[in-house]
Amino acid sequence: MIALHNIGQLLTPLTGGKFLIIPNAGIASENGKVTFVGTQEELLSSFPNAEKIDAERKVVLPGFVDAHTHLIFAGDRCNEFLMRLSGATYQEIAAAGGGIQSTVQATRHASSAELLELARVNLQTIIRYGTTSLEIKSGYGLDWPNEEKLLRVAIQLQKESALDIAITFLGAHDFPKEIARDDYIDLLLNEMLPRVAQEKLAEFSDVFCDQGYYTNDQTRALSERARRLGLKIKLHVDELADVDGAALAAELKAVSADHLIRANESGIRKMGEAGVIPVLLPGTSFALKCAQHASARLMLQSGLRVAIATDFNPGTCYCHSMQYILQLSVLLYGLSAEEAITAATLNGAAAIDRESTLGSLETGKQMDCLIFNVPHYGHLFYNLGINRLETVIKKGKVLWSKKANPL
Ligand SMILES: [Zn+2]
C-alpha cells in the first residue's frame, strides 16, 4: 500500500459529472488501484502504517489521458512549419508533396527498430509532461507492410511501457500515390481491415473524413466494415471543412469524433444524443493559425463531454505536452480550469473507452496521478509554457520524478 499525503490541493473529475477539489488531501492505493481519497486527517487515521510519499503541500491531479496521437513516425516537418509562417496553407503544402505524404515516405524507409527507438524517445518526453495513458494511431504507411509495421511497433510499446496505450488503425489517413483511390479503398475493406482484426493489431478504426480526403460514403463503408470485424470507431472529421462529419460520427455511433473545428451545430447536437466524445485538438488549430477553433462551449452546452488531446504528429502539431494543451484550451476555447482538467483526464479516458479504469482519482480506479510544484492549481494555466510537473505516479508506483532526474 502507498499513501500520498500532505497534498496542498487534490483535484479530480468524478464519474457522473461532478468535480472535486480537496485542500489538505490524502490518497491511498493498493496493487495499483485507488483505495482512498479524502482529507489528510482521514488518511492518517485510516492508514497509519502505509508507506508514505510526502506531496509537500503541492497540487495533485489524475494522470493525463492523451486520446489522439500519431506517435510513431520517422523524419520531421520543420520546413513545413516555416512555410506556414510564410503563409502557405495545409492544402498548399500537401499539393507541393509535403504534409502526410512526406512523413509516409520517411516512415516507409525506416525499419521497425528505428521507428521503435524514435517512438520510445517521444514516449519518454510525453511522460515528463504528465501523460500516463494515450492513444496511438498508425497511418503513415498507407500500404499493408508499412501499416502493419507501425501497428506492431505500437504493440511493442504497449508491452514494454508502463503507460496504458490504445491502438488505432488509421490506414485511411490519406491515399497512397502509387495506386488509384478506389483500389486503395478496396484494399482497406477487403484485406487490411480484416487482417488488422484477425491478428488483433488494433482496437479502433479511424478515417480522415474531410474535404480532399475520404468522403462520407467512403468513411461510412470503411467504418461499418471495421465495426463488423469487431473494431471500435473513431473519426477525424470537419477539420478542413464542414463535411457534416459530426452527424456522420453520430450515425456511426463512433466512440469519438476528433478535430471538429468546422463542425455544424446540428451535427454537434446529434453527437450529444449519440454519446460520441468530441476530442478537440487546440494545438493543431493554433499551430495551423486557423481563424476558427472548435466550438467547445457549444458542445458543453449541448451536453457533450469534451476531451482535449495533443494530436502529437510531425506536421500540424508537434506538441508533446498535455500541459500546453490545457493552457491552449482555456485561452482558445474559454474552458474553465475544471473543464480543461476534466477534458484532459476523464473525458480523454472516455474517448479511448477506458473510463471505467482511468481518468479520475476514485476508489477502484487505477492510481495514476501527477504532483505539480505549484502553490495553487491556477498556476498550471497562469504560468504559460513552463513544465511544473514534479512526479508521475503510474499504477501506484513512481514512474518519473524531477528530483531523481534533475535538469
Ligand atoms: Zn490526427
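Contact here means heavy atoms within 4.5 Å. Keep that in mind for the exercises below, which all use a predicted model.

**Exercise 1. Work out which domains the protein is assigned, and how many residues of each are in contact.**

Step 1: Start with the bounds. The assignment gives domain 1 as 2-62 + 361-401, and domain 2 as 64-351.

Step 2: Check the spacing. The C-alpha centres of domain 1 and domain 2 are 30 Å apart.

Step 3: Now the contact itself. On the domain 1 side 29 residues take part, and they touch 22 residues of domain 2.

**Exercise 2. Trace the open sheet of eight strands and find its edge strands.**

Step 1: Walk across the sheet. The order is β6-β7-β8-β9-β10-β11-β12-β13, and the pairing is parallel.

Step 2: Look for strands that pair on one side only. Those are β6 (64-66) and β13 (307-308), the edge strands.

Step 3: Zoom in on the β6 end. β6 runs parallel to β7 (residues 131-137), and three bridges join the two. Val 65 sits opposite Ser 133 in β7.

Step 4: See what lies across these strands. Helix α13 (residues 322-332) lies across β6, β7 and β13, and runs at about 85° to β6.

**Exercise 3. Describe how α13 packs against helix α14 (residues 337-344).**

Step 1: Get the geometry. The two axes come within 9 Å and cross at roughly 135°.

Step 2: Name the arrangement. Angles over 145 degrees would count as roughly antiparallel, and 65 to 115 as roughly perpendicular; α13 and α14 are therefore oblique to each other. The crossing of α13 past α14 is right-handed.

Step 3: List who touches whom. From α13 come Met 322, Leu 326, Ser 329 and Val 330, and they meet Ala 337, Ala 340, Ile 341 and Ala 344 of α14.

Step 4: Sort by class. You get seven nonpolar residues, one polar and no charged ones in the contact of α13 with α14.

**Exercise 4. Do the same job for helix α5 (residues 112-128) and helix α6 (residues 144-160).**

Step 1: Geometry again. α5 and α6 pack at an angle of about 50°, and their axes are 10 Å apart.

Step 2: Classify. α5 and α6 are therefore oblique to each other, and α5 passes α6 in a right-handed crossing.

Step 3: Pick out the residues. Among those α5 contributes are Ser 112, Leu 115 and Arg 120, while the α6 side includes Lys 149, Gln 156 and Glu 160.

Step 4: Sort by class. The contact of α5 with α6 has seven nonpolar residues, two polar and three charged.

How values were computed:
Residues are numbered from 1 along each chain as its sequence is written. This is a predicted model: local features need pLDDT of at least 70, side-chain atom pairs count only at pLDDT 80 or more; totals for chains, interfaces and linings use all residues. Side-chain values use heavy atoms; hydrogens and water are left out. Two strands pair if DSSP finds at least two bridges between them. Helices (H or I, at least four residues) and strands (E, at least two) are DSSP runs, numbered from the N terminus. Axes are lines fitted to C-alpha atoms, for helices over the stretch in contact, and angles run from 0 to 180 degrees between N-to-C directions. Angles under 35 degrees count as roughly parallel, over 145 as roughly antiparallel, 65 to 115 as roughly perpendicular and the rest as oblique. A crossing is left-handed if the near helix is turned anticlockwise from the far one by less than a right angle, and right-handed if clockwise. Ala, Val, Leu, Ile, Met, Phe, Trp, Tyr, Cys and Pro count as nonpolar, Asp, Glu, Lys and Arg as charged, and the others, Gly among them, as polar. Domain bounds come from an automatic or database domain assignment.
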